[in-house]
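Welcome! Below are a few short exercises to work through with the structure open beside you. Try each task before reading its solution.

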Amino acid sequence: MQISLAHQVALVTGASSGLGAASARALAAAGASVVINYNSQAAPAKALADEINASGGKAVALGADVSKEADVERLFAQILDAFGYLDILVANSGLQRDAAVVDMTLEQWNTVIGVNLTGQFLCARSALKIFNRQGVREGVSCAAGKIIHMSSVHQLIPWAGHVNYATSKGGVEMLMRSLAQEVSEQKVRVNGIAPGAIRTAINRDVTQGAAEKQLLKLIPYGRVGDPEDVANAVVWLASDASDYVVGSTLFIDGGMSLYPEFRGNG
Ligand code: NAD
């Protein structure tokens with residue numbers, strides 16, 4: 001199987017670090033022109049764009065807070081100015097603001113829902129408007145557009161101390177599936193990725209030292225994931241190699257969602 005995303009334009013939100021940066025790199029390596037969205041970290045986003053451009057790819061770094069409607073609309077207008085098309089959206093931006101429910105402030109709740117869920121809605125809505133106008137670009141892709149929602153195993157596994165985060169990802173699953181149901185007949189493919197524990201800034205405190213040992217008890221496959229584990233799946237879901245995959249969530253978690261605590265007893 002050979003994957004080429006040549007002549008396609010991909011937006012990856014929250015691509016200045018972690019899974020977003022790895023996805024942008026992998027999409028560019030597959031031939032896509034890439035928009036690297038960042039919120040506050042302009043320098044690493046621009047450095048990544050420079051790296052991709054220097055290695056023969058095409059990339060631009062564009063700032064926008066995905067939880068703000070005006071920012072998102074400006075971002076998508078800038079993408080059309082820069083490239084003229086959009087074919088792939090990886091709605092990846094996300095954050096955590098952890099607290100026990102009794103201590104959780106409304107600001108912590110709203111910030112997580114605003115970025116992780118509303119941000120994905122706003123970006124998907126803007127992308128869909130473009131996909132609908134464009135239609136299927138013959139010779140470029142079988143679909144008029146592809147949307148990949150970055151969810152989490154916590155769309156399935158409840159997470160005490162993180163109810164805002166788990167709620168946002170549960171919402172992402174229903175956003176993704178309802179959207180897929182709504183727009184498939186317009187030849188737009190919408191899917192999700194649910195990573196388990198992947199080594200990035202978001203979980204640095206639990207993927208090192210003694211905490212990592214504890215974490216590995218929850219991962220039957222016996223290792224923490226690397227950003228490339230997710231980025232490879234992003235490329236596949238963005239490509240025609242997955243053309244019949246619609247409304248699915250791909251769990252990339254080393255088996256974390258198999259409830260490994262039940263091994264040997266039950
Ligand atoms: P990360 O912190 O490196 O990346 C998150 C990115 O989102 C950052 O680049 C950040 O700047 C961006 N972001 C935050 N607020 C934003 C806003 N308002 N507007 C635009 N961008 C914003 O962590 P990561 O692990 O790469 O996370 C990427 C996604 O993967 C998130 O949605 C996260 O929930 C999900 N995820 C990660 C893991 C994991 O183990 N790393 C597991 C499950 C799900």
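A polar contact is a pair of N or O atoms within 3.5 Å; within protein, one must be able to donate a hydrogen and the other to accept it, and residues adjacent in sequence count only if both atoms are side-chain atoms. The model is predicted, so to speak of local features a pLDDT of at least 70 is needed, side-chain atom pairs count only at pLDDT 80 or more, and totals for chains, interfaces and linings use all residues. Residues are numbered from 1 along each chain as its sequence is written, and side-chain values use heavy atoms, with hydrogens and water left out.

**Exercise 1. Find polar contacts of the ligand.**

Step 1: Start at G14, where a polar backbone atom is 3.3 Å from an oxygen atom of the ligand.

Step 2: Go to V66, which has a polar backbone atom 3.0 Å from a nitrogen atom of the ligand.

Step 3: Finish at N203, where an N or O atom in the side chain is 2.9 Å from an oxygen atom of the ligand.

**Exercise 2. Describe the setting of N203.**

Step 1: Locate N203 in the loop between β6 (188-195) and α6 (209-216). Helices (H or I, at least four residues) and strands (E, at least two) are DSSP runs, numbered from the N terminus.

Step 2: Is N203 buried or exposed? With a relative accessibility of 11%, N203 counts as buried. The cut-offs are under 20% relative accessible area for buried and over 50% for exposed, with partly exposed in between (1.4 Å probe, protein chains only).

Step 3: Look at the side chain of N203: one of its polar atoms lies 2.7 Å from the backbone oxygen of I198.

Step 4: Setting aside neighbours within four places in sequence, N203 is in contact (heavy atoms within 4.5 Å) with A197 and I198.

**Exercise 3. Place strand β2 among its partners.**

Step 1: Why is β2 (residues 33-38) described as largely enclosed by the rest of the structure? Six of its six residues are buried, so that description follows.

Step 2: Sort the side chains of β2. S33, V35 and N37 point one way, while V34, I36 and Y38 point the other way. In a regular strand, side chains alternate between the two faces of the sheet.

Step 3: Find the pairing with β1 (residues 9-12). The two strands run parallel and are joined by four bridges; strands pair if DSSP finds at least two bridges between them. A10 stands opposite V34 in β2. The chain crosses from β1 to β2 through helix α1 (residues 18-29), and this β-α-β crossover is right-handed. Right-handed here means that, with the strands pointing away from the viewer, the path from the first strand over the helix to the second runs clockwise.

Step 4: Turn to β3 (residues 58-63), which pairs with β2 in the parallel sense over six bridges. Here N37 stands opposite L62. Together with helix α2 (residues 42-54), β2 and β3 make a right-handed β-α-β unit.

**Exercise 4. Compare two residues that have a positive phi.**

Step 1: Take H7, in the segment before β1. H7 is not a glycine, yet has a positive phi of about 70°. At 63% relative accessibility, H7 counts as exposed.

Step 2: Take Y259, in the segment after β7 (249-252). Y259 is not a glycine either, and its positive phi is about 50°. Its relative accessible area of 39% makes Y259 partly exposed.
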